[in-house]
Amino acid sequence: MKTRTLGLGGPSVSAIGLGCMGMSAFYGARGSEADAIAVVHHALDQGITLLDTADMYGPHTNETLVGRAIAGRRDDVFLATKFGIRLDPADPRTRRIDGRPEYVTAACEASLARLGVETIDLYYQHRVDPAVPIEDTVGAMARLVEQGKVRHLGLSEASADTLRRACAVHPITALQSEYSLWSRDPETTGTLAACRELGMGFVAYSPLGRGFLTGTIRTPDDFDADDVRRQAPRFQGENFDRNLALVEQVQAIAQDYGVTPAQLALAWVLARGEDVVPIPGTRRLGFLDENIAALAIHLTDDDLARIDAIFPPDAAAGTRYPAGGMAALNR
């Protein structure tokens with residue numbers, strides 16, 4: 001397994017991580033816990049070290065699942081989780097962002113208990129709370145580091161200005177944001193450049209475009225009734241058709257190179273820089289091996305130019321979240 005470093009002098013992790021969210025939430029019908037644990041174990045056996053979860057996945061059940069999967073294998077894992085999005089127990093679709101210092105402490109304690117560990121390797125604020133100064137939230141996170149409960153701090157979907165303010169309080173090891181061929185906001189908003197300016201790593205979630213870039217999704221009806229992707233503008237109406245046409249062009253390039261569309265999409269993310277670590281999620285062993293094989297693909301400058309000609313930064317039709325979700329980004 002190849003490795004990459006999160007930031008200047010930061011921790012070394014596998015060049016590809018494993019996003020665990022879909023094992024418990026959001027993407028429709030889920031398999032058994034035993035199957036999910038088998039995927040995690042296979043990932044660890046193949047040298048993947050970075051596992052990514054969050055307290056709101058489930059809610060809470062994904063952390064419990066990951067905790068069971070890594071029991072007895074803690075030394076093999078660089079464990080990342082997140083706090084800050086609180087779901088209404090009566091209606092999980094209703095959520096609010098909470099960055100208050102007292103909540104930071106309580107959320108961390110709860111995550112440690114569910115994960116069954118004494119220390120979290122990378123603790124992210126899932127979304128920035130506009131009602132709480134980032135200095136206050138990161139200050140509380142820094143105290144968790146002092147107490148030995150957390151090793152490294154991260155932010156998710158934060159703006160370049162927020163990153164700079166946060167780093168003035170405590171070193172931030174990584175920013176996690178959506179980044180893929182059809183989600184290139186980190187380039188256009190300046191957050192990727194800010195990470196490099198500040199010596200931070202960049203963790204790319206949904207590097208396969210929520211599965212769309214794999215070419216296996218041909219119609220909105222391919223999603224289960226409770227799959228949250230049905231709510232995203234990119235997967236609706238004319239947007240879906242326009243985006244599918246782009247994916248078909250990616251499929252054609254992948255066929256030319258003798259790789260799968262998923263592998264080409266991952267290779268593109270990996271080629272964005274040694275400081276970028278994608279964390280594709282999957283519930284299937286075969287797809288996991290397919291993703292790992294993308295590490296062997298080398299894209300030349302000409303290859304990248306050919307792909308960028310199809311997928312420039314503004315190519316995707318529709319926003320990646322409904323209006324409420326978009327309002328919580330890049331704060």
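**Reading notes on a predicted model**

1. Start with a loop. Pro59 sits in the loop that runs between strand 4 (50-52) and helix 2 (61-70). The model is predicted. Gly58 and Pro59 are joined by a cis peptide bond, with omega at about -5 degrees. Look at this bond before moving on to the rest of the chain.

2. The loop between strand 4 and helix 2 also holds His60. His60 is not a glycine, yet its phi is positive, at about 75 degrees. Is His60 buried or exposed? Neither label fits: its relative accessibility is 37%, so His60 counts as partly exposed.

3. A positive phi also appears at Arg210, which is not a glycine; the value is about 55 degrees. Arg210 lies in the loop between strand 11 and helix 8 (237-257). Its relative accessibility is 12%, and the cut-off for buried is under 20%, so Arg210 counts as buried.

4. Now the sheet. Eight strands form an open sheet in the order 3-4-5-8-9-10-11-12, and the pairing is parallel. Which strands form the edges? They are strand 3 (18-19) and strand 12 (276-278), each of which pairs on one side only. To trace the sheet on screen, begin at strand 3 and follow the order to strand 12.

5. Strand 8 deserves a closer look. It covers residues 120-125, and six of its six residues are buried, so the rest of the structure largely encloses this strand. In the sheet order, strand 8 stands between strand 5 and strand 9.

6. Take the two neighbours of strand 8 in turn. Strand 5 (residues 78-83) runs parallel to strand 8, and four bridges join them. Strand 9 (residues 150-156) also runs parallel to strand 8, joined to it by five bridges. Tyr124 is a handy marker here. On the strand 5 side, Lys82 stands opposite Tyr124. On the strand 9 side, Gly154 stands opposite Tyr124.

7. Further along the sheet, strand 10 (residues 174-178) and strand 11 (residues 201-205) run parallel and share five bridges. To find the register, use Ala174, which stands opposite Gly201 in strand 11. A general point helps when viewing any of these pairs. In a regular strand, side chains alternate between the two faces of the sheet.

8. One helix lies over the strands just described. Helix 3 (residues 101-115) lies across strand 5, strand 8 and strand 9. Its direction is at about 135 degrees to strand 8.

9. Next come two helix pairs. Two packed helices are described by the angle between their axes and by the distance between the axes. For helix 4 (residues 134-146) and helix 5 (residues 160-167), the angle is about 50 degrees and the axes are 9 Å apart. The two helices are therefore oblique to each other. Helix 4 passes helix 5 in a right-handed crossing.

10. Which residues make the contact between helix 4 and helix 5? Helix 4 brings Ile134, Glu135 and Val138; helix 5 brings Thr162, Arg165 and Ala166. By class, three residues of this contact are nonpolar, one is polar and two are charged.

11. Thr162 merits its own point. It belongs to helix 5. Its relative accessible area is 4%, so Thr162 is buried. Setting aside neighbours within four places in sequence, its contacts are Val128, Ile134, Leu155 and Arg331. Ile134, one of these, is in helix 4.

12. The second pair is helix 8 and helix 11 (residues 301-310). They pack at an angle of about 160 degrees, with axes 10 Å apart. Helix 8 and helix 11 are therefore roughly antiparallel to each other. The crossing of helix 8 past helix 11 is right-handed.

13. In that second contact, helix 8 supplies Leu246, Gln249, Ile253, Asp256 and Tyr257. They meet Asp303, Arg306, Ile307 and Ile310 in helix 11. The contact has five nonpolar, one polar and three charged residues.

14. Finish with helix 10 (residues 285-293). What is buried in helix 10? The residues are Leu288, Glu290, Asn291 and Ile292. Their cover includes strand 3, helix 1 (33-45) and helix 9 (261-270). Strand 3 is thus a link back to point 4, where it appeared as an edge strand of the sheet.

Methods: Residues numbered from 1 in each chain as written. Predicted model: local features only at pLDDT ≥ 70, side-chain atom pairs only at ≥ 80, totals over all residues. Heavy atoms only, no water. Axes fitted to C-alpha atoms, helices over the stretch in contact; angles between N-to-C directions. Parallel < 35°, antiparallel > 145°, perpendicular 65-115°, else oblique. Left-handed = near helix turned anticlockwise from the far one by under 90°. Contact = heavy atoms within 4.5 Å. Nonpolar A, V, L, I, M, F, W, Y, C, P; charged D, E, K, R; others polar. Buried < 20%, exposed > 50% of the residue type's maximum accessible area, 1.4 Å probe, protein only. Pairing = 2+ DSSP bridges.
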